Amino acid sequence: MAVEHARAAGAETMILLCRPDLVPLYTQLGWSRLSVPVTVQQPDGARISPLVTMVYDLAGLPHPTIGADLRGLPF
């Protein structure tokens, strides 16, 4: 599973951009919805992600309260 792999690699947080209809599934799997705007890079510049951003906390870190910038292309 991706969560165990990320934990073993020392990750602190996992981020998932998903379709709204999949939010209930990921919530059941332990993910939480991030309620702030998330900026992603696109070839023509930065944009707010149109998808729902889910986070899986691996280290007890607080979630962003203003916004989040992924500083790269979503993949």
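## Two sheets and an aromatic cluster

Let's start with one pair of residues: Arg33 stands opposite Met54 in β5. The structure you are looking at is a predicted model, so local features need pLDDT of at least 70 and side-chain atom pairs count only at pLDDT 80 or more, while totals for chains, interfaces and linings use all residues. Residues are numbered from 1 along each chain as its sequence is written, and side-chain values use heavy atoms, with hydrogens and water left out.

A word on names will help. Helices (H or I, at least four residues) and strands (E, at least two) are DSSP runs, numbered from the N terminus. Two strands are said to pair if DSSP finds at least two bridges between them.

With that in hand, follow Arg33 and Met54 into their sheet. Strands β2 and β5 pair in the antiparallel sense over 2 bridges. They belong to an open sheet of 3 strands, ordered β1-β5-β2, with antiparallel pairing. In this sheet β1 (13–18) and β2 are the edge strands, each pairing on one side only. Between β1 and β5, which run antiparallel, there are 6 bridges. You can find Ile15 and Val55 as bridge partners here, with Val55 in β5, and Leu17 stands opposite Thr53 in β5.

How enclosed is β5? A residue is called buried under 20% relative accessible area, exposed over 50%, and partly exposed in between (1.4 Å probe, protein chains only). In β5, 5 of the 6 residues are buried, so the strand is largely enclosed by the rest of the structure. Thr53, which lies in β5, is a good example to look at: Thr53 is buried, with a relative accessible area of 4%. What surrounds Thr53, leaving aside its neighbours within four places in sequence? Counting contact as heavy atoms within 4.5 Å, Thr53 touches Ile15, Leu16, Leu17, Ser32, Arg33, Leu34 and Val38.

Now walk back from β5 towards β4. The loop between β4 and β5 holds Ser49, a residue that counts as buried at 12% relative accessibility. The side chain of Ser49 reaches the backbone nitrogen of Leu51 at 3.2 Å. Leaving aside its neighbours within four places in sequence, Ser49 is also in contact with Leu17, Val38 and Val40.

That brings us to the other sheet. This open sheet of 3 strands has the order β4-β3-β6 and mixed pairing. Strands β4 and β6 (68–69) stand at its edges with a single partner strand each, so one side of each has no neighbour in the sheet. Strand β3 (residues 38–42) runs antiparallel to β4 (residues 45–48), and 4 bridges join the two. Together β3 and β4 form a hairpin, with 2 residues between them. Looking across this hairpin, you will see Val40 opposite Arg47 in β4, and Thr39 has Ile48 in β4 as its bridge partner. In a regular strand, side chains alternate between the two faces of the sheet.

Finally, let's look at the aromatic rings. Rings of Phe, Tyr and Trp (its six-membered ring) pair if their centres lie within 6.5 Å; planes under 30 degrees apart count as stacked, over 60 as edge-to-face and the rest as tilted. How many aromatic pairs does a search of the whole structure find? The search finds 2 aromatic pairs. In one of them, Tyr26 and Trp31 meet edge-to-face, 6.1 Å centre to centre and with 80° between the planes. Tyr26 is partly exposed, with a relative accessible area of 22%, whereas Trp31 is buried at 10%. Trp31 also forms an edge-to-face pair with Tyr56, at 5.4 Å centre to centre and 70° between the planes. This pair links distant parts of the chain: Trp31 is in the loop between α2 (23–28) and β2 (32–33), Tyr56 is in strand β5 (residues 52–57), and 25 residues separate them. Tyr56 is buried, with a relative accessible area of 16%. Tyr26, Trp31 and Tyr56 form one aromatic cluster, and with Tyr56 our tour is back in β5.

Methods: Polar contact = N/O pair within 3.5 Å; in protein donor to acceptor, adjacent residues only side chain to side chain.
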